[in-house]
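Colleague: Could you pick a single part of this protein and take me through it closely? I'd like to know what sits around it, and how far I can trust the picture.

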Amino acid sequence: MSTARHILALLRSHVEGEEQQFYSAALQMAAHEARLGHGKLAQEIRELIDQAKARKSVIARKSDPIPLVQPKGDLANLVSVRYPDTRLSDMILPSELAVRLKRVLTEQRQGKRLREHSLTPRRKLLLVGPPGSGKTMTAAALAGELQLPLFTTLYDSLIGKYMGETASRLKLIFEAMIMTKGVYFFDEFDAIGTQRQNTNDVGEIRRILNSFLMFLENDQGDSLIIAATNHPNLLDKALFRRFDDVIKYKLPNSDIIRELIKTRLISFEIEWKDWSQIIEKATGLAQAEIVRATDEAAKQAVLSNSGKVSQKSLISAIMERKEMSLDE
Ligand SMILES: Nc1ncnc2c1ncn2[C@@H]1O[C@H](COP(=O)(O)OP(=O)(O)OP(=O)(O)O)[C@@H](O)[C@H]1O
Ligand SMILES: [Mg+2]
């Protein structure tokens, strides 16, 4: 890309308020300069980006409405809270998935307009897909985009030993949703749906599931409720109907694999032009595994002082992750 193209990309992301894209355009510019042998200039650009990011996180922390959203009392054991700064643009998504998630954001952002016409924005989502395919990251990205706190349910303390205990704890969480708008994330949702945690009583498990369904159905608030699972076939069919959207995640195809690796290596030089071998080896791995393997190869480039990521190191990192995932 020429310098003018980089400036255009910077301006466009600035105008559209796409911060993440702004940083990645700036990083691309640094990489471009580095390739031209302008190491000092590239370094300066990278330092400015780091400074900008550091300053932003200080401001963001100051403006957190902390007193309101620190869970108190019994609730404190049932959910953890964080303020993700993940954005949807940090995710490499197939277009149909990106469209579904953007639709959630648009409806949320335009919620007032919809409500004026007695319509409700979608906000009860079930994310289904294999491990490491980006479900948790999606919950974080939606919270980050909407600048809402992300509350994650802690099942260890939710599922109780005694009859009715779990249901009354669930009730606390659903009450909190009304009090404090946020993204409420039920990760590994099968824990409620099917697993027999501290209890062996099948009847009790049905009761837990039924109370969840009832709470979900009756909930009229405006918090987002996101559940995620790896095992859709374990879940009760009745559950699916209760959600506004069931969003499916898949292992990455070759385009996504290439984009995942490219984005991760945006500030590095890469040795290869032909992607076919890398893609062939990486096929079958989840997004999370590919990102990790790429980071491994990038680390080697840094530690070997070559500054260049080699195809060999990336492929061997990919193979290593493949072996690990087969061991599981
Ligand atoms: N679409 C994506 N784009 C970029 N990075 C991704 C994507 N999906 C996953 N990752 C990377 O993989 C990591 C793990 O993904 P995540 O925890 O969201 O997976 P998950 O689907 O929740 O897995 P699990 O079912 O095991 O909980 C993320 O932190 C991120 O680094
Ligand atoms: Mg997860």
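Modeller: Here is a close look at one helix, followed by its surroundings and then the rest of the chain.

First, some housekeeping. This is a predicted model, and local features are given only at a pLDDT of at least 70, side-chain atom pairs only at pLDDT 80 or more, while totals for chains, interfaces and linings use all residues. Residues count from 1 along each chain as its sequence is written, and chains are lettered from A and ligands numbered from 1 in the order in which they are written.

The protein has 17 helices and eight strands; these are DSSP runs numbered from the N terminus, with helices being H or I runs of at least four residues and strands E runs of at least two. The helix I've picked is H8, residues 135-146. At 1.5 Å a residue, its 12 residues should span 16 Å, and its end C-alpha atoms are 17 Å apart, which agrees. That expected span is 1.5 Å times one less than the number of residues.

Burial is what makes me want to show you H8. Of its 12 residues, 11 are buried, so the helix is largely enclosed by the rest of the structure. Buried means that 20 or more other C-beta atoms lie within 10 Å of a residue's own; 12 or fewer makes it exposed, anything in between is partly exposed, and the C-beta atoms are placed from the backbone. The buried set includes charged residues such as Lys135 and Glu145 as well as Ala139, Leu142 and Ala143. Across the whole protein of 328 residues, 29% count as buried.

What does the covering? Helix H6 (95-109) and strands E2, E3, E4 (183-186) and E5 (224-229) are among the elements over the buried residues of H8. Contact here means that two C-beta atoms, placed from the backbone, lie within 7 Å. Val183 gives a good view of this packing: beyond its neighbours within four places in sequence, its contacts are Ala139, Leu142, Ala143, Leu148, Leu150, Phe151, Leu224 and Ile226.

Right after the helix comes Gln147, which takes a positive phi of about 50° although it is not a glycine. Gln147 lies in the loop between H8 and strand E3 (150-153) and counts as exposed, with 12 C-beta neighbours inside 10 Å.

Stepping back, there is a largest nonpolar core of 57 residues, in which Ala139, Val183, Phe185, Ile226 and Ile290 touch the most other members. At least three of its residues come from each of domain 2 (66-248) and domain 3 (252-328), with the domain bounds taken from an automatic or database assignment. Apart from it lies another core of nine residues, including Phe22, Met29, Ala30 and Ala42. A nonpolar core is a set of buried Ala, Val, Leu, Ile, Met, Phe, Trp, Tyr and Cys residues joined through C-beta atoms within 7 Å.

For contrast, try helix H17 (residues 311-327), whose end C-alpha atoms are 24 Å apart, in agreement with the 24 Å its 17 residues should span. Its buried residues are Ser313, Leu314, Ala317, Ile318 and Arg321. Seen down the axis, these fall within an arc of 135°, so they line one face of H17; the arc is that of the directions from the helix axis to the C-beta atoms. An α-helix has 3.6 residues a turn, so residues three or four places apart point the same way. On the other side of H17, Lys312, Glu323, Leu326 and Asp327 are exposed. Helices H15 (276-282) and H16 (287-303) and strand E8 (308-309) are among what covers the buried side.

As for trust, the pLDDT (the predictor's confidence in each residue, from 0 to 100) averages 86, and 90% of the residues score at least 70. Residues 58-68 fall below 50, and that stretch has three contacts in the model beyond near neighbours in sequence. Where pLDDT is low, the predicted coordinates should not be read in detail.
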